[in-house]
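I opened this model to go through its annotated spans, its aromatic contacts and its enclosed space. My notes follow in the order of looking.

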Amino acid sequence: MQVKPTDSSSESASESIVTDGSGSKTSSFSFETSSSNIEVTWNERLRDFYEEFIYKPGLVAWDDRRTRIGAAIMFVYVSMGVIAWLGAWLGFYPEPTTNQAERGLQPFQTLDAPLGTTQSGEDVLAMAIHATPEMLIMVTAGGIFATGVAVLTGTLAGYKGGSVDRAVTSFSDVAMSIPGLPLIMVLAVVFRPRNPILIGILLTINYWAGLGRSIRSQVLTLREEPYVEASRTMGVSTRRILTKDIIPNLMPFVLVNFANAARYVVFASVGLYYLGILPSSVENWGLQLENAYTQAGALVGTGALYQLLVPMVSIMGIALSLILLAQGLDRVFNPRVRTRLAGESESVRSEETEESSKTEMMP
Amino acid sequence: MVEKATSHRDILNRRQFVGLVGVSGAAALAGCTFGNNGGDGGGGENGRHTSYTNIIPKNMQWNPSNPSKLAEISGQVLFDAFAKYNFATSEFKPYAISDWEYGGNTFKMTIRDGLTWANGDDVTSADVATQLRIGLHTGETYADYTDSIETPDDKTVVMKFNSTINKKIVQFQILSGRFVRQKKSVFGEYLEKIKKNKKEGIRELQEFAWQEPIASGPFEFDSAGQQQLLLTLRDDHPDSKKINFGEYVFVYKDGNEAVQQALQNQTIDSAFSLFMPTRIVEELPDSVKQIQLPGNWGYGLVPNHSHRHAGDRAVRQAIQYVINRKQVMNNVSADSKQVPEIPIGIASSNQKQWLGDAMSSFETYGVDSSQTKKAAAVLKEAGYSKQGGTWTDKDGTAVKLPILVPSDWTDWNTATQTIVDQLTSFGFEATVDGRSFGNLQGNIWPNGDYAISAGGWLDGAPQGAYPYFSLHHQLVKNFRGFTYNYPAADQSRGGSRNDVTVPSRTGSGTMTVNPSKRLNEMATNTEEAKIKEIVVEQAWVTNQDLPMIPVLEKLEQTFLTAGDKWDIPKPDADVAQVRWANTWLPRMGEMKYTGN
């Protein structure tokens with residue numbers, strides 16, 4: 001292993017240099033460096049990170065059929081997002097506009113508009129595709145905001161306790177008690193947000209509160225764990241305990257809830273666009289649904305039903321993908337399963353071998 | 001409240017009732033339900049016409065001076081029209097006012113014999129005069145020229161004017177769209193209050209919600225619940241004998257689509273006005289018939305003349321050049337819309353009649369094409385330039401044109417989206433901005449808080465058929481209170497009735513006119529040549545200055561059920577060419593119940 005001088009900003013410094021004012025240097029003892037004065041390289045750190053946070057979880061995740069299906073569906077949406085993004089820049093799959101094709105075409109009649117057109121001649125597939133990037137941004141922004149604020153408030157309240165806990169808990173109680181939909185409707189009407197990131201945040205404006213309370217209770221149990229106690233005894237800073245000891249152990253819970261929050265953003269945004277509360281100039285599947293219902297009369301007769309089905313399938317697909325991913329991630333963070341699938345537990349492996357050999361031996 | 005009339009039927013319908021109490025019971029029920037005229041003898045559910053309303057019946061009120069929750073269509077069944085304008089004959093058919101006499105500066109009206117209120121009182125000249133006198137204080141247009149309203153006897157009302165008034169204007173303003181509905185015994189006290197303290201009296205009048213109206217029409221108020229309004233046939237109306245069904249019901253339907261579905265499923269028998277695209281009309285049952293009428297109004301754009309770009313005539317002309325009106329019409333519904341041949345303040349079907357040979361000198365701005373070259377030329381001449389595909393003004397500011405539209409007005413949204421696409425491909429930064437109608441009408445339009453808004457560019461039927469009203473609507477005072485800040489407009493619309501300067505119609509130089517003064521001259525003139533001269537001149541002003549941007553004109557769609565349930569005339573029959581056939585035909589004996 002290559003040995004590298006420590007930079008002053010490194011948190012795992014093997015020793016710290018102190019000047020006494022006379023210019024002479026003295027070395028002070030550091031608990032962390034007593035066992036080793038060898039520093040790991042960035043490459044090794046990255047490799048460790050990859051191993052711990054990407055490879056192993058990925059292996060476990062990929063072993064679960066639900067995650068595979070969920071990821072495959074999400075890949076389709078990401079591809080749609082890329083097509084729409086490229087389309088906007090390169091004219092690859094153009095944005096929907098009125099009169100881009102013949103009016104009222106049924107699906108599968110022409111390759112120019114494979115899923116048909118509206119009564120204004122807009123390509124229905126283009127409408128679905130070009131709604132995707134904004135939806136993905138909105139979903140990510142909403143999910144990050146909701147889980148981020150929840151983690152921040154939940155860990156702070158749970159770990160610090162006392163007056164900090166009381167203050168943060170009271171704040172989240174207030175946020176939780178405000179009815180979500182009317183609040184969002186009022187804010188949407190006042191601010192008329194058009195930026196998908198803002199819309200995502202707006203939709204989860206008080207969604208974090210319930211999640212924050214759940215995280216707080218998780219933290220209350222984690223803070224009594226021996227390794228956290230040990231860190232406290234050694235005088236490790238609160239910030240470091242939270243970021244290194246507490247939050248990583250919350251990640252399973254957080255990631256599963258991230259997927260749920262994202263699903264909530266999908267449904268909430270579609271609902272608000274459908275109701276005409278969010279501004280109508282942004283492409284969205286909810287707007288497409290609303291247009292199909294109000295302008296094409298998709299529920300009167302069957303002639304325009306396809307205009308309703310395309311956005312419905314889009315919404316169902318992304319919601320299903322998020323549900324499957326959430327369930328798959330739940331498995332990733334189950335330590336027993338994870339260790340077994342990552343091939344680190346001899347006992348489990350031997351149990352499996354025994355079981356399989358028994359099966360093989362059966363007549 | 002649950003509707004009384006329906007609730008008992010939910011438990012016990014008429015046939016069950018007959019079975020239980022026998023013939024005498026049935027006779028009692030028929031007598032009770034239909035009054036002395038007896039209906040069809042079928043009674044109950046069989047003798048009922050069901051239509052729709054878009055206001056929750058329990059919240060409705062029938063005071064026409066109070067715009068809040070004012071019942072529109074049921075009011076046309078409960079109250080009698082002064083006269084009915086027929087679009088096929090272009091004439092007024094006498095009704096509650098059986099006769100009228102125009103005398104230049106007087107207008108004498110005679111009330112129909114035998115007309116009574118639902119409480120048994122006669123309809124008298126005092127009732128009609130009370131209503132007209134209230135109008136003098138609440139901004140009715142005839143207030144501008146009416147000196148007095150007199151009642152020489154119980155059946156005669158005479159309006160005296162301060163000068164000679166154009167006969168057509170008097171007829172349209174007094175007779176059209178006016179109903180016998182403000183009974184003196186109910187509204188007289190408000191008139192007295194207004195006389196004592198105008199501001200306070202009008203406030204009280206406009207806050208008065210008349211929720212149990214006294215009818216003057218053939219049906220009277222019975223009950224109003226969350227879902228339906230029940231009206232029952234009177235036995236003392238002059239036309240009751242022509243009506244063979246006992247109940248007229250309005251069920252609450254929220255939105256166009258709900259009504260379309262109800263017609264398709266035949267849960268309602270009629271719809272007075274509805275936007276229905278061709279595809280859905282074609283899918284309706286054969287028994288549902290469509291009657292089309294000129295709307296004399298329709299979708300247009302109302303620019304805010306104080307806006308940096310929409311207020312610039314060059315930008316307005318460029319917009320009008322870029323809009324392909326026929327494409328917009330085809331996207332919305334070619335069957336229920338038409339496009340004006342030239343964009344002016346005169347309804348499409350009247351343009352040739354009024355402009356004659358002068359029509360060729362007017363700018364069409366392209367009926368079925370986007371005339372982008374002409375639009376670009378106009379903009380360049382005014383100092384605009386195109387940078388990076390976007391038009392910018394002299395200061396380098398991009399021309400941003402957000403277009404407000406009521407978010408739940410289906411056809412208007414389609415039209416707006418099409419126009420936005422046309423403007424965007426030309427190089428304007430146009431966007432659709434959908435808001436609730438209530439928000440637009442309550443705050444945004446009156447406050448002038450917009451760049452461009454979708455709005456009606458004509459005055460509406462039937463008076464929209466006469467150029468005075470449509471020109472007045474564009475140049476001086478529009479309805480729905482758009483504060484569009486046009487200099488020639490009324491103060492209440494953000495203007496100051498100023499002069500307007502536009503290019504001369506003769507081809508060189510400019511002409512300066514005062515639209516408000518000229519239209520006033522038209523209103524007080526009886527000389528046809530003079531009237532025509534003013535119409536052509538003011539139409540030219542609207543064509544050049546574009547105070548509003550005309551796009552589409554509506555064909556009203558009324559739906560009636562025929563088949564084995566109702567006997568109705570052919571949709572194009574003269575008698576059906578009125579607003580609205582489902583409330584007028586029963587009075588004429590032309591909508592008979594034939595069901596079992």
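**Entry 1: record annotations.** I began with the UniProt record, an unreviewed entry, which places the feature "transmembrane region" at residues 69-92, 135-159, 171-191, 250-275 and 304-326 of chain A. The model I compared with it is a predicted one. I checked two of these spans against the coordinates. Residues 69-92 of chain A are 92% helix and 0% strand, with the end C-alpha atoms 28 Å apart. For residues 171-191 of chain A I got 90% helix and 0% strand, and 23 Å between the end C-alpha atoms.

For chain B, I noted the UniProt annotation "domain: Solute-binding protein family", again from an unreviewed entry, on residues 98-470. This span of chain B is 34% helix and 23% strand, and its end C-alpha atoms lie 28 Å apart.

**Entry 2: aromatic pairs.** I counted ring pairs over all chains and got 42. I then looked at the pair A:Y77 and A:W285, where the ring centres are 5.9 Å apart; the planes stand at 70°, so I filed the pair as edge-to-face. The cut-off behind that label is an angle over 60 degrees.

Which helices hold the two rings? A:Y77 is in helix α2 (residues 65-90) of chain A and A:W285 is in helix α10 (residues 285-294) of chain A, so the pair ties together parts 208 residues apart in sequence. I also looked up accessibility. A:Y77 has a relative accessibility of 5% and counts as buried, and A:W285, at 0%, counts as buried too. The threshold I applied is under 20%.

In chain B, I picked out B:F437 and B:W445, an edge-to-face pair with 5.8 Å from centre to centre and 75° between the planes. Buried or exposed, B:F437 and B:W445? Both are buried. I followed the ring pairs outward from there and found that B:F437 and B:W445 belong to a cluster that also takes in B:W297, B:Y299, B:W409, B:W412, B:Y450, B:F479 and B:F482.

**Entry 3: charges over rings.** I noted one case in chain A, where A:R223 lies over the face of A:Y159 at 5.5 Å from the ring centre. In chain B, I noted the charged end of B:K386 over the ring of B:F426, 5.7 Å from the centre of that ring.

**Entry 4: cavities.** I searched the whole structure and found three cavities of 30 Å³ or more. The largest cavity holds about 60 Å³ of space. Its lining consists of B:G298, B:Y299, B:V332, B:K337, B:D411, B:W412, B:A415, B:L552, B:E553 and B:K554. Two elements of chain B, α14 (410-426) and β25 (553-561), give two or more residues to this lining; α14(B) gives the most, with three. By class, I sorted the lining of the largest cavity into five nonpolar, one polar and four charged residues. B:Y299 and B:W412 are on this lining list and are also members of the aromatic cluster.

The second largest cavity holds about 50 Å³. I listed A:T153, A:G154, A:A157, A:V168, A:T169, A:S172, A:G212, A:R213 and A:R216 as its lining. Helices α3 (124-160), α4 (162-177) and α7 (208-222) of chain A each supply at least two residues there. I sorted the lining of the second largest cavity into two nonpolar, five polar and two charged residues.

Note on methods:
Residues numbered from 1 in each chain as written. Chains lettered and ligands numbered in written order. Predicted model: local features only at pLDDT ≥ 70, side-chain atom pairs only at ≥ 80, totals over all residues. Heavy atoms only, no water. Phe/Tyr/Trp six-rings, centres within 6.5 Å; stacked < 30°, edge-to-face > 60°. Helix = DSSP H or I, 4+ residues; strand = E, 2+ residues; numbered from the N terminus. Buried < 20%, exposed > 50% of the residue type's maximum accessible area, 1.4 Å probe, protein only. Lys NZ or Arg CZ within 6 Å of the ring centre and 35° of its normal. 1 Å grid on protein atoms, 1.4 Å probe; cavity = no way out; pocket = protein on both sides within 12 Å on 5 of 7 lines; lining within 4 Å. Points joined across faces, edges and corners; volume = space filled by probe spheres on them. Nonpolar A, V, L, I, M, F, W, Y, C, P; charged D, E, K, R; others polar. UniProt positions renumbered as here; feature names shortened; annotations may be inferred.
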